[in-house]
Amino acid sequence: MAPRLCSISAAARFYSKDNEGSWFRSLFVHKVDPRKDAHSTLLSKKETSNLYKIQFHNVKPECLDAYNSLTEAVLPKLHLDEDYPCSLVGNWNTWYGEQDQAVHLWRFSGGYPALMDCMNKLKSNKEYLEFRKERSQMLLSRRNQMLLEFSFWNEPQPRAGPNIYELRTYKLKPGTMIEWGNNWARAIKYRQENQEAVGGFFSQIGELYVVHHLWAYKDLQSREETRNAAWRKRGWDENVYYTVPLVRHMESRIMIPLKISPLQ
């Protein structure tokens, strides 16, 4: 038994006190106090009533250029028209991930009443109805979600480019959204030094218990360096340790902004 004890003792010397403490803390799972409120009330921003819609359009490969041209001709008119309580946050084509795909993120200032007001006005907008008819001939499928923004994330603001954007999508186990939010409220500080954190959202309508994190990078090499740097910060490893068990599925898209996107 003596040689084995010696080997364990020798191995222990390779761990720093920080690593030792991190390993010890990982033995205990963060507990979340029971709540009687909906997670949307607890996690979303209180100072705003913004509602977001994210759209995923899978385009016929031969139609992508025509789709982009049509989109760039019509959507900015809604964005600039003060009569419509909606604005473009970002518009992209997926570069790595699902191919021939367009992603659009809208903000509705005023929550669900603003959404319904916009929808009712679009029913009588002849140019928009014609746009939808023409667009439908270019699509293979489409889906959307209504989102709220996490209170501890940056609110998406227009930014100059050129940038690439990463949309990381996490499908969580039902009942774990509060725990996810508790961990990320502490961890987001590790990912803000290079202004890469654009926005964080969770679904309210559509597929539920879905989280979207939106990041901006100058290029893929910058993404690699920024992500690696987070691992050198004490505490980031704990966030990963506690949140990975909450995830059923995760996906990463690298996206290129369209010309009309306020996020360039």
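Which element gives the largest share of the lining of the largest pocket? In this predicted model, the answer is β4, with five residues. The pocket itself holds about 490 Å³ of space. Its lining runs to 25 residues, and those closest to the pocket centre are Lys53, Met119, Leu122, Tyr128 and Arg132. Strand β4 has company here: β1 (50-59), α4, β3, α5 (111-122) and α6 (126-136) also give two or more residues each to the lining. Sorted by class, that lining comes out as 13 nonpolar, six polar and six charged residues.

Next comes the second largest pocket, with a volume of about 280 Å³. Here 15 residues do the lining, and Arg168, Tyr170, Trp236, Val240 and Met250 are the ones nearest the centre. Helix α9 supplies the largest share, four residues. At least two lining residues come from each of β5, α7, α9 and β8 (247-257). The class count for this second pocket is ten nonpolar, two polar and three charged residues.

Closed-off space is a shorter story. One cavity of 30 Å³ or more turns up in the structure, and the largest cavity encloses about 40 Å³. Its walls are made by Ile54, Trp92, Leu105, Leu167, Phe201, His212, Leu214 and Met255. Seven of these lining residues are nonpolar and one is polar, with no charged residue in the set.

On to the packing of the interior. The largest nonpolar core takes in 51 residues, and the members that touch the most others are Phe108, Phe150, Trp153, Trp180, Trp184 and Val211. Helix α4, spanning residues 64-80, is the element that gives the most to this core, contributing six residues. There is also a second core, separate from that one, made of 16 residues, with Leu147, Tyr165, Ala216 and Leu263 among them.

Aromatic side chains deserve their own look. Across the whole structure, 14 aromatic pairs are found. One of interest is Trp184 with Trp236: the ring centres sit 5.6 Å apart and the planes meet at 80 degrees, so this pair counts as edge-to-face. The two tryptophans come from distant parts of the chain, 52 residues apart, with Trp184 in helix α7 (residues 177-187) and Trp236 in helix α9 (residues 236-243). Both of them are buried. They also belong to one aromatic cluster, whose members are Trp153, Tyr170, Trp180, Trp184, Tyr190, Trp215 and Trp236. Trp236 thus turns up in two settings, since besides its place in the cluster Trp236 is among the residues nearest the centre of the second largest pocket. Tyr170 is another cluster member that appears in that central group of the pocket.

What about the cysteines? The disulfide count is zero. A disulfide is a covalent bond between the sulfur atoms of two cysteines. Cys86 is in no disulfide, and the nearest cysteine sulfur, that of Cys118, is 3.5 Å away. The cut-off for a disulfide is 2.5 Å between sulfur atoms, so the distance of 3.5 Å from Cys86 to Cys118 does not qualify. As for its surroundings, Cys86 is buried, at a relative accessible area of 6%. Cys63 is buried too, because its relative accessibility of 16% falls under the 20% limit.

A few backbone details round things off. Gly161 and Pro162 are joined by a cis peptide bond, with omega at about 0 degrees. Pro162 sits in the loop that runs between β4 (139-149) and β5 (164-172). Two residues other than glycine have a positive phi worth pointing out. For Asp100, phi is near 55 degrees; this residue is in the loop between β2 (86-96) and β3 (101-109). Asp100 is partly exposed, with 26% relative accessible area. For Tyr209, phi is likewise near 55 degrees, and the residue lies in the loop between β6 (197-205) and β7 (210-217). With a relative accessibility of 23%, Tyr209 is classed as partly exposed.

Terms used. Residues numbered from 1 in each chain as written. Predicted model: local features only at pLDDT ≥ 70, side-chain atom pairs only at ≥ 80, totals over all residues. Heavy atoms only, no water. Core = buried A, V, L, I, M, F, W, Y, C linked by side-chain atoms within 4.5 Å. Buried < 20%, exposed > 50% of the residue type's maximum accessible area, 1.4 Å probe, protein only. 1 Å grid on protein atoms, 1.4 Å probe; cavity = no way out; pocket = protein on both sides within 12 Å on 5 of 7 lines; lining within 4 Å. Points joined across faces, edges and corners; volume = space filled by probe spheres on them. Nonpolar A, V, L, I, M, F, W, Y, C, P; charged D, E, K, R; others polar. Phe/Tyr/Trp six-rings, centres within 6.5 Å; stacked < 30°, edge-to-face > 60°.
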